[in-house]
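Colleague: Could you take me through the sheet of this model and the parts that lead into it, residue by residue where that helps? I would like one connected account rather than a list.

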Amino acid sequence: MNATLKAIVHGMTGLMLAGSLLVLGIIATIVTAVAGDGRAEIPGVFEAWMEQYQGSPSLSFIPHPTGMAVVIGVFTLGYVAVAYGIGGAIARRRLER
């Protein structure tokens with residue numbers, strides 16, 4: 001597999017993994033806010049809290065798109081770096097045998 005194709009595959013895999021982890025984090029924040037009947041947040045990324053609206057409990061939230069983009073970018077770049085590092089180590093190990 002050539003280097004360009006490897007970069008695309010690792011980048012897309014990292015992007016999907018980062019997006020999935022972000023969604024799981026947001027779900028966990030919402031569950032914490034609802035279960036604790038208070039405020040929960042991932043600082044700079046997502047805030048959720050419970051409040052009364054016309055006598056009924058309601059969930060309010062504030063997403064921070066810039067923070068979400070930073071989280072996805074950092075996780076994606078981290079995944080690509082680790083994937084290239086592991087791939088290089090495996091390739092060198094095969095050559096030593």
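**The sheet and its turns**

Modeller: A convenient place to enter is Asp37, which lies in the loop between H1 and E1. The model is a predicted one, and what follows should be read with that in mind. Although Asp37 is not a glycine, its phi is positive, at about 50°, and with a relative accessibility of 58%, against a cut-off of 50% for exposed, Asp37 counts as exposed. On one side of this loop is helix H1, residues 3-36, which lies across E1, E2 and E3 and runs at about 30° to E2.

On the other side the sheet begins. Its 3 strands are arranged in the order E1-E2-E3, and they form an open sheet with antiparallel pairing. Strand E1 (39-42) and strand E3 (56-63) each have a single partner strand and stand at the edges, so one side of each is left without a neighbour in the sheet. From one strand to the next, the twist averages 20°. In general terms, strands of a sheet pair through backbone hydrogen bonds, in either a parallel or an antiparallel way.

Taking the pairings in turn, E1 joins strand E2 (residues 46-53) in the antiparallel sense over 4 bridges. Within this pairing, Ala40 has Ala48 in E2 as its bridge partner, while Ile42 stands opposite Phe46 in E2. The hairpin of E1 and E2 has 3 residues between the strands, and in this hairpin Gly44 takes a positive phi near 80°.

E2 and E3 also pair in the antiparallel sense, here over 8 bridges, and Gln52 stands opposite Pro57 in E3. The hairpin of E2 and E3 has 2 residues between the strands. Gln54 lies in the loop between E2 and E3, and its phi is positive, at about 55°, although Gln54 is not a glycine. Its relative accessibility is 70%, which is why Gln54 counts as exposed when the cut-off is 50%.

The side chains add further links between these elements. Side chains of opposite charge can pair when their charged atoms come close. A search of the whole structure finds 1 salt bridge, in which the side chains of Arg39 and Glu47 meet at 2.5 Å, N to O. Glu47 has a relative accessible area of 14%, and because buried means under 20%, Glu47 is classed as buried. Arg39 has a further contact to report, since the charged end of Arg39 sits over the ring of Trp49, 4.5 Å from the centre of that ring.

The aromatic side chains give a count of 1 pair. The rings of Phe46 and Phe61 have their centres 5.7 Å apart and their planes at 25°, so this pair is stacked. The pair links distant parts of the chain, with Phe46 in strand E2 and Phe61 in strand E3, 15 residues apart. The two partners can also be placed by accessibility: Phe46 is buried, with a relative accessible area of 4%, whereas Phe61 is partly exposed at 47%. Phe46 therefore appears twice in this account, as the residue opposite Ile42 and as a partner in the stacked pair with Phe61.

Technical notes
Residues are numbered from 1 along each chain as its sequence is written. Side-chain values use heavy atoms; hydrogens and water are left out. Two strands pair if DSSP finds at least two bridges between them. Axes are lines fitted to C-alpha atoms, for helices over the stretch in contact, and angles run from 0 to 180 degrees between N-to-C directions. Contact means heavy atoms within 4.5 Å. Buried means under 20% relative accessible area, exposed over 50%, partly exposed in between (1.4 Å probe, protein chains only). A salt bridge is a side-chain nitrogen of Lys or Arg within 4 Å of a carboxyl oxygen of Asp or Glu. Rings of Phe, Tyr and Trp (its six-membered ring) pair if their centres lie within 6.5 Å; planes under 30 degrees apart count as stacked, over 60 as edge-to-face and the rest as tilted. A charge sits over a ring if NZ of Lys or CZ of Arg is within 6 Å of the ring centre and within 35 degrees of the ring normal.
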